[in-house]
Amino acid sequence: MQLNLLYEITAISTIMANIRSRFVLAATVAGSALPLSGIGSPVSPGKPNVVIILADDMGYGDISCYNSKQVKTPHIDKLAKNGVRFTDFYVPTPYCAPSRATLLTGRFPLNHGLVQNPAPDAGINDVGIAADEITLGNVFQEAGYRTKCIGKWHLGHKPEYFPVNHGFDEYFGILYSNDMRPVQLIENRDTVEYPVDQQFLTQKYTRKAIEFITINKNKPFFLHLCHAMPHKPLAASARFYTPETPGDLYADVIRELDWSVGEIIKTLKKLNLLENTIVIFMSDNGPWYGGSSGGFKGMKATNWEGGIRVPVIISYPKVLPDNTKIAIPCWSPDIFPTLLSLTNISVQSPNKLDGSDLTEIMKGKQHTHQPVFSMHNNRLMTVRQGDWKLFIHNPGYFKMVDLKTWKDPRGPDGTTIIAPVTGQATPASYPGIIPVQSENEIQLYNLREDPAESKDLSGVHPEIVNELLQEIKKFEASFTEKN
């Protein structure tokens, strides 16, 4: 097998730096210690499996259980009917890598340190997940689970950052976004396909996921399935692609992702694993052009609701209620402690967690949550508490482009990026309410009354502004503590 085309494998000492000997101190969740019994306690036969299905750039309004006007997604809708659907769930950044690292570590980007996207074709190569970060893969691996990551990683593409060095027994996928050259499929540490015809990606990832589940049906497993779609370039297999109507390529892609979810659930059910499997479906951030924010303002790369509020569904029939909707604002750092709770795994870790266990919220026994924050680049941008959202920096606006001359430099070219040329989205298809220019640095919105963030109330409710500024200050102070 050919090694990764970009880099040679680094010295064994770099890999060994990631050994789990660092699990020595008490982990903290929202200021309280997690129960401790040591990492790697024996797995009982009843331990639940865990499957996280992470879509890339899927908007809040891209699936029909969140947006009835969207293309029908019956399999995802059924997952929501059989589980818990969050309506006010946030990611910490409106772009990929920091958000993905937070999901896997339970830590805000300013704590885990990955605040920008690695990009091989832009020369951003020395950016990735730190060796001492503890991922869900590490936790489940040490607890006796079989672990696999499939699809987009984007936590670094040099060998020391590979998934197999951060808690995953196996990996198959593209290490970064599917529009970053070279687009190549990696299996564990080796390049196995280049170039990549992207019309087959969703099917390949689904097939690999089903194989992994089937092989490990008699032992607990953790599957992190990170689809490339609907990140650009859009591509779907022949079964879903409708070239006669190129204007609905995005819908083709969504329908195939829905099919994939259905195949995963069908496999779990066939193997009698569904009742004892925690399934999480979510997106890493808001949509790019062509998607739908579900009526919110902004899009990917903005801290408006359209960039950071994402669809999240959690199903665990054995424990959690079905057909339940949660409107309490929650966020992706909560996934880590929630999974530890649901799997009854205790962790000893030096790394401070930023989320809370959502189990009681999902069961309807708790109705409050800590404030949730978002950031852009290396600075905090927003805090949401209850109905209120405060911007502490100007959130920006959409700068119009000349559609006649606009060209995506990472668009399909038929050789290095292989996907349909026609039907790709452009700035003409803005996915949400278009933000207009504002001079105000600090802006306050009541999202229950004004989900479109259209009326700045900072001048009307200075007391709310001050309360939320205090929450920002407390959160900022936590970064100076041991993290």
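**Cavities, a sheet and a helix pair**

Modeller: In this predicted model, β17 is joined by four bridges to strand β18 (residues 388-391), and the two run antiparallel.

Colleague: What makes β17 and β18 a pair?

Modeller: Two strands pair if there are at least two bridges between them. β17 and β18 have four bridges, so they count as paired. Within that pairing, R384 stands opposite K389 in β18.

Colleague: Which strands make up the open sheet, and in what order?

Modeller: The order is β16-β17-β18-β19, four strands with antiparallel pairing. From one strand to the next the twist averages 20 degrees.

Colleague: Why are β16 and β19 called edge strands?

Modeller: Because β16 and β19 (443-446) each pair on one side only, and pairing takes at least two bridges.

Colleague: Which helix lies across β16, β17, β18 and β19?

Modeller: That's α11 (residues 462-478), which runs at about 125 degrees to β17.

Colleague: Let's move to the helix pair. Why are α2 and α7 called oblique to each other?

Modeller: Helix α2 (residues 74-81) and helix α7 (residues 249-270) pack at about 50 degrees. Roughly parallel needs an angle under 35 degrees, and roughly perpendicular starts at 65. About 50 degrees fits neither, so α2 and α7 are oblique. Their axes are 7 Å apart.

Colleague: How do you know which residues of α2 and α7 meet?

Modeller: The cut-off for contact is heavy atoms within 4.5 Å. P74, H75, I76 and L79 in α2 meet D258, W259, V261, G262 and I265 in α7. By class, that contact has six nonpolar, two polar and one charged residues. Gly counts as polar here, so G262 goes in the polar group.

Colleague: Now the cavities. What makes a space a cavity?

Modeller: A 1.4 Å probe has to fit there but be unable to get out. Two cavities of 30 Å³ or more are found in the structure. The largest has a volume of about 50 Å³, and the second largest about 40 Å³.

Colleague: What lines the largest cavity?

Modeller: Its lining is Y90, V91, E305, I308, V372, F373, S374, T382, R384 and K389. Two or more residues each come from α8 (305-308), β16 (372-376) and β17 (379-385). β16 gives the largest share, three residues.

Colleague: How does the lining of the largest cavity divide by class?

Modeller: Five residues are nonpolar, two polar and three charged. Glu, Lys and Arg count as charged, so E305, R384 and K389 belong to the charged group.

Colleague: And which residues line the second largest cavity?

Modeller: T105, R107, E133, I134, F336, V347, S349, N351 and L353. They divide into four nonpolar, three polar and two charged.

Definitions and conventions. Residues numbered from 1 in each chain as written. Predicted model: local features only at pLDDT ≥ 70, side-chain atom pairs only at ≥ 80, totals over all residues. Heavy atoms only, no water. 1 Å grid on protein atoms, 1.4 Å probe; cavity = no way out; pocket = protein on both sides within 12 Å on 5 of 7 lines; lining within 4 Å. Points joined across faces, edges and corners; volume = space filled by probe spheres on them. Axes fitted to C-alpha atoms, helices over the stretch in contact; angles between N-to-C directions. Parallel < 35°, antiparallel > 145°, perpendicular 65-115°, else oblique.
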